[in-house]
Amino acid sequence: VFVLAYAPRNEFVVGEPFRFDLDLYIRRGVPVGGAEISRQPTFDGFKRVDLFEDKSQARRYRRSVRIGRTTYDVHPLDRSMLIALGAGERILGEAEIKARISRGFRVQYKKVIAQPLRVRVVEPPARGQPRSFVPGAVGIFKFTGSLEPRTVKPGERILLELQVSGE
């Protein structure tokens with residue numbers, strides 16, 4: 001039984017969104033009767049958006065993988081979108097999992113710690129930035145708008161109003 005934290009690369013740009021995964025790997029045949037996150041992953045220096053609306057969605061992402069000669073059942077624990085808020089060296093995913101292993105009448109609890117990911121976050125390149133570039137314009141933005149008239153013929157003018165809000 002082990003836990004693996006995953007990000008697609010080890011270097012990101014401030015404001016760049018990327019997916020973070022935390023998975024529990026259980027060797028096929030090991031009777032794990034349950035697992036829970038006893039210490040949440042660390043996301044210091046990042047804005048985090050949980051990609052599971054509810055934890056029951058995690059079942060859809062279960063899979064099996066073969067590593068060497070061993071087959072593991074992979075159980076997703078976390079799927080997040082992260083956005084780096086500032087430049088520097090960061091550590092992601094330092095989480096602790098408590099797994100319940102049952103063998104007959106004997107129940108054993110095993111503490112499993114995810115190896116942290118070390119990532120580097122850099123500032124966006126200055127070259128090519130528009131004059132209106134705003135560093136740190138990072139977060140969740142919502143666009144709402146209206147369109148008048150709603151139906152037009154080709155070549156006719158329309159009025160599109162957009163409103164941007166964010167957190």
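This passage describes a three-stranded sheet, two buried residues and the largest pocket of a predicted model. Local features were taken at pLDDT of at least 70 and side-chain atom pairs at pLDDT 80 or more, whereas totals for chains, interfaces and linings use all residues of this predicted model. Residues are numbered from 1 along each chain as its sequence is written, and side-chain values use heavy atoms, with hydrogens and water left out.

Three strands (DSSP runs of E, at least two residues, numbered from the N terminus) form an open sheet in the order E2-E11-E8, with mixed pairing; two strands pair if DSSP finds at least two bridges between them. Strand E2 (11–13) and strand E8 (88–92) are at the edges with a single partner strand each, so one side of each has no neighbour in the sheet. On average, neighbouring strands of this sheet are turned by 35° against each other, direction ignored (axes are lines fitted to C-alpha atoms, and angles run from 0 to 180 degrees between N-to-C directions). E8 and strand E11 (residues 117–122) run antiparallel and are joined by five bridges. Gly88 is opposite Val121 in E11.

Arg79 belongs to strand E7 (residues 70–84). Its relative accessible area is 5%, and Arg79 is therefore buried (under 20% relative accessible area, 1.4 Å probe, protein chains only; exposed is over 50%, partly exposed in between). The side chain of Arg79 makes polar contacts with the side chains of Asp23, at 2.8 Å, and Asp21, at 3.4 Å. A polar contact is a pair of N or O atoms within 3.5 Å; within protein, one must be able to donate a hydrogen and the other to accept it, and residues adjacent in sequence count only if both atoms are side-chain atoms. Beyond four places in sequence, the residues in contact with Arg79 (heavy atoms within 4.5 Å) include Phe20, Val49, Asp50, Phe52 and Arg63.

Ile101, in strand E9 (residues 96–103), is also buried, because its relative accessible area is 8%. Apart from residues up to four places away in sequence, Ile101 touches Val1, Val30, Pro31, Val32, Arg106, Val107, Gln108 and Lys110.

The largest pocket holds about 400 Å³ of space. A pocket is an open set of points on a 1 Å grid where a 1.4 Å probe fits, with protein on both sides within 12 Å along at least five of seven lines; lining residues have an atom within 4 Å of a point. Among the 18 lining residues, Ala35, Arg62, His75, Pro76 and Leu77 are the closest to the centre of the pocket. Strand E3 (17–27), strand E4 (32–39) and E7 each contribute at least two residues to the lining, and E4 gives the most, with six.

How values were computed
Helices (H or I, at least four residues) and strands (E, at least two) are DSSP runs, numbered from the N terminus. Grid points are joined across faces, edges and corners, and a volume is the space filled by probe spheres set on the points.
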